Amino acid sequence: MAGLLKKPVKIALVQLASGADKPHNLLHARQKVLEAASTGAQIVVLPECFNSPYGTTFFPTYAEVLLPSPPTEAQSPSYHALSSIAKEANIYLIGGSIPEREESTGKLYNTSLTFSRDGSLLATHRKVHLFDIDIPGGITFKESEVLSPGNKITIVDFPEYGKVAVAICYDIRFPELAMVAARKGAFALVYPGAFNTTTGPLHWRLLGQGRAVDNQVYVALCSPARDEEAGYKAWGHSLVADPLGKVLGEAEEGEEIIYAELSGEEIEKTRKGIPVYTQRRFEVYPDVSEGKVKYEE
Ligand SMILES: NC(=O)CC(=O)C(=O)O
């Protein structure tokens with residue numbers, strides 16, 4: 001377990017206020033990422049659907065073609081903006097998510113792009129678990145009406161620091177994905193996500209802390225800021241939980257940047273103190289992470 005996180009790193013979660021104007025959203029994201037980087041943050045995270053409003057009616061209109069990679073600027077202005085922001089800020093950028101259209105099939109995905117300091121693409125994650133829920137008197141939402149699911153776990157290597165798993169929003173409700181990513185050596189699980197005013201107060205913090213405690217790793221959840229005029233009201237409350245499940249920083253509802261220092265020593269201390277990592281009884285419950293799991297580094 002030693003060396004999971006090679007040296008301390010400052011992470012920033014940009015709880016961005018975005019709206020219907022995509023070019024404005026991209027410019028605003030640049031401004032806020034540069035602000036975060038100017039404080040020394042080395043990993044910066046944007047929210048789910050940071051370049052558009054969140055909703056099934058918006059996905060087709062805002063979708064961009066990403067393949068073949070790299071796409072042209074006309075095919076994907078968001079790809080190009082994220083790549084140049086990462087390079088300008090000299091940071092690792094986990095670029096929230098954007099609606100993606102696969103040109104060959106016409107299928108739409110909710111996709112997260114992660115860029116290196118030099119602006120090169122490191123990883124692509126398509127939301128694996130689509131957000132289909134129906135809570136009477138609360139919220140009904142069906143991403144699967146327009147989106148297709150991704151089919152792999154995504155682990156990205158930041159050479160100076162170590163591995164981070166990237167997944168999107170509803171993916172956090174599936175502990176199997178988090179567990180496999182942690183078992184493959186991720187020091188942090190990062191979820192750009194847009195919970196809402198029904199499920200946010202119920203589960204957002206609980207799930208963030210839960211995944212952290214289960215796996216004794218850092219967990220970061222990055223939401224859009226709440227727009228009271230929008231059809232879908234994001235919960236906000238971007239947060240970072242440490243390997244003990246303690247919340248190191250949490251936003252309110254509005255636009256805000258949350259910072260946290262992540263340290264490998266904290267992970268090691270947690271795992272030494274409560275050594276579930278070495279106490280697992282795989283003969284009782286076989287380890288799925290040793291099985292046929294689709295993941296990509
Ligand atoms: N928006 C999502 O994908 C998930 C969500 O809001 C929830 O799980 O609750």
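Start by selecting helix α4, residues 175-183: L177, A178, V180, A181 and A182 are buried here. An α-helix has 3.6 residues a turn, so residues three or four places apart point the same way. Now bring up the surroundings. The cover over the buried residues of α4 includes β9 (153-158), β10 (162-166), β11 (186-192), α5 and β16 (295-296). Step off the end of the helix and you land on G185, just after α4, with a positive phi of about 105°.

Before going further, keep in mind that you're looking at a predicted model. The chain has a mean pLDDT of 96, with 99% of its residues at 70 or more. The scores for the model are ipTM 0.98 and pTM 0.97.

Next, the ligand. Show it with the residues around it: F131, C169, Y170, R173, A194, F195, N196 and T199. Colour that shell by class and you get five nonpolar, two polar and one charged residues.

Zoom out and select residues 9-264. UniProt, in an unreviewed entry, lists this stretch as "domain: CN hydrolase". Over this range the chain is 24% helix and 29% strand. Put a distance label on the end C-alpha atoms of the stretch and it should read 9 Å.

Now for the inside. The largest nonpolar core has 90 residues, and I11, V14, V44, V45, A188 and A220 are the members that touch the most others. Pick I11 and look at what surrounds it. Leaving out residues up to four places away in sequence, I11 touches A41, I43, V45, A220, V240, A260 and L262. Two of these, V45 and A220, you've just met on the list of best-connected core members.

Time for some backbone oddities. Most residues other than glycine have a negative phi, and most peptide bonds are trans. Go to the loop between α2 (59-62) and α3 (77-89), where P68 lies. The peptide bond joining L67 and P68 is cis, with omega about 0°. Slide along to P70, which is also placed in the loop between α2 and α3. Another cis peptide bond joins S69 and P70, again with omega about 0°.

For positive phi outside glycine, select C49, in the loop between β2 (43-45) and α2. Phi of C49 is near 45°. Is C49 buried or exposed? C49 counts as buried, because 27 other C-beta atoms lie within 10 Å, and 20 or more is the cut-off.

Then jump to Q216, in the loop between α5 (199-215) and β12 (218-222). Its phi is near 55°, a positive value in a residue other than glycine. Q216 has 24 other C-beta atoms within 10 Å, so Q216 is buried too.

Last stop: K22, in helix α1 (residues 22-38). K22 is partly exposed, because the count of other C-beta atoms within 10 Å is 18, and partly exposed residues fall between the cut-offs of 12 or fewer for exposed and 20 or more for buried. Which residues is K22 in contact with, leaving aside its neighbours within four places in sequence? They are N51, S52 and Y62. Finish by drawing a C-alpha to C-alpha line from K22 to P53: the two are 31 residues apart in sequence, but 9.2 Å apart in space.

Definitions and conventions: Residues are numbered from 1 along each chain as its sequence is written. This is a predicted model: local features need pLDDT of at least 70, side-chain atom pairs count only at pLDDT 80 or more; totals for chains, interfaces and linings use all residues. UniProt positions are given in the numbering used here, feature names are shortened, and annotations may be inferred rather than shown by experiment. Helices (H or I, at least four residues) and strands (E, at least two) are DSSP runs, numbered from the N terminus. A residue is near a molecule or strand if its C-beta atom, placed from the backbone, lies within 6 Å of it. Ala, Val, Leu, Ile, Met, Phe, Trp, Tyr, Cys and Pro count as nonpolar, Asp, Glu, Lys and Arg as charged, and the others, Gly among them, as polar. pLDDT is the predictor's confidence in each residue, from 0 to 100. A nonpolar core is a set of buried Ala, Val, Leu, Ile, Met, Phe, Trp, Tyr and Cys residues joined through C-beta atoms within 7 Å. Two residues are in contact if their C-beta atoms, placed from the backbone, lie within 7 Å.
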